[in-house]
Amino acid sequence: MVFCDSFKCSDGYILIDDAERKECKSGKCSDSQCCNRVCSSFDCPKRFSPKKDSDDTVCKDDKCTKRQCCERGKLICESTPHERNECSV
């Protein structure tokens, strides 16, 4: 018998809570059986940045969303005397 607690999840996933009790089907473990997707796997849109806890925030129903994973970024504007202001997140 092979259990999920012996499996290493791919980047952007963490082991399920009961990994030590979840047996892998056909003796082979996979992300879909043993892991939960987390917000760090989600690309936030422009002008948004990942929330601080994105490495540990499990995405609902294995689908990450902007609302769950991102927050409005702070604009940083830099300029020199003869240039227009350029703002980025």
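Is R72 buried or exposed? Select R72 and look: R72 is exposed, because its relative accessible area is 61%, where exposed means over 50%, buried under 20% and partly exposed in between, with a 1.4 Å probe and protein chains only.

Before going further, a note on what is on screen. This is a predicted model, in which local features need pLDDT of at least 70, side-chain atom pairs count only at pLDDT 80 or more, and totals for chains, interfaces and linings use all residues. Residues are numbered from 1 along each chain as its sequence is written, and side-chain values use heavy atoms, with hydrogens and water left out.

**The whole chain**

Switch to a cartoon view. The protein chain has 2 helices and 6 strands, taken as DSSP runs numbered from the N terminus (helices are H or I, at least four residues; strands are E, at least two). Starting at the N terminus, you will pass the elements in the order β-α-β-β-α-β-β-β. Of the 89 residues in the protein chain, 25% are buried. Turn on the surface, and about 7,000 Å² is exposed, with carbon and sulfur atoms supplying 46% of it; these accessible areas come from the Shrake-Rupley method with a 1.4 Å probe, and for residues only the protein chains shown count as cover. Contact here means heavy atoms within 4.5 Å. Among contacts between residues at least 6 apart in sequence, 32% join residues at least 24 apart.

**Strand β4 and the positive patch**

Go back to R72, which sits in strand β4. Leaving aside neighbours within four places in sequence, R72 contacts R47, F48 and S49. Now select K46 as well: K46 and R72 are 26 residues apart in sequence, yet 9.2 Å apart in space, C-alpha to C-alpha. Add R47, K66 and R67, and you have the positive surface patch that these residues form with K46 and R72. Patches are made of residues with over 30% relative accessible area and no salt bridge, with like charges joined within 9 Å and nonpolar side chains (Val, Leu, Ile, Met, Phe, Trp, Tyr) within 5 Å. Lys and Arg count as positive and Asp and Glu as negative, while His and the chain ends are not counted. Each charge is placed at NZ of Lys, CZ of Arg, CG of Asp or CD of Glu.

**The negative patch**

Stay on strand β4 (residues 70–72) and select E71. E71 is partly exposed, because its relative accessibility is 35%. Add D53, D55 and D56: together with E71 they make a patch of negative charge on the surface.

**The loop between β3 and α2**

Next, select S54, in the loop between β3 (48–50) and α2 (66–69). At 10% relative accessibility, S54 counts as buried. Beyond residues up to four places away in sequence, S54 touches V38, C39 and S40. K52 lies in the loop between β3 and α2 too, but K52 is exposed, at 83% relative accessibility. Measure from K52 to C70 in your viewer: the two are 18 residues apart in sequence and 8.9 Å apart in space, C-alpha to C-alpha.

**Last stop: a salt bridge**

How many salt bridges does the structure hold? There is 1, counted when a side-chain nitrogen of Lys or Arg is within 4 Å of a carboxyl oxygen of Asp or Glu. Select E20 and R21, whose side chains meet in this salt bridge at 3.7 Å, N to O. Side chains of opposite charge can pair when their charged atoms come close. E20 is partly exposed, at 43% relative accessible area, whereas R21 counts as exposed, at 60%.
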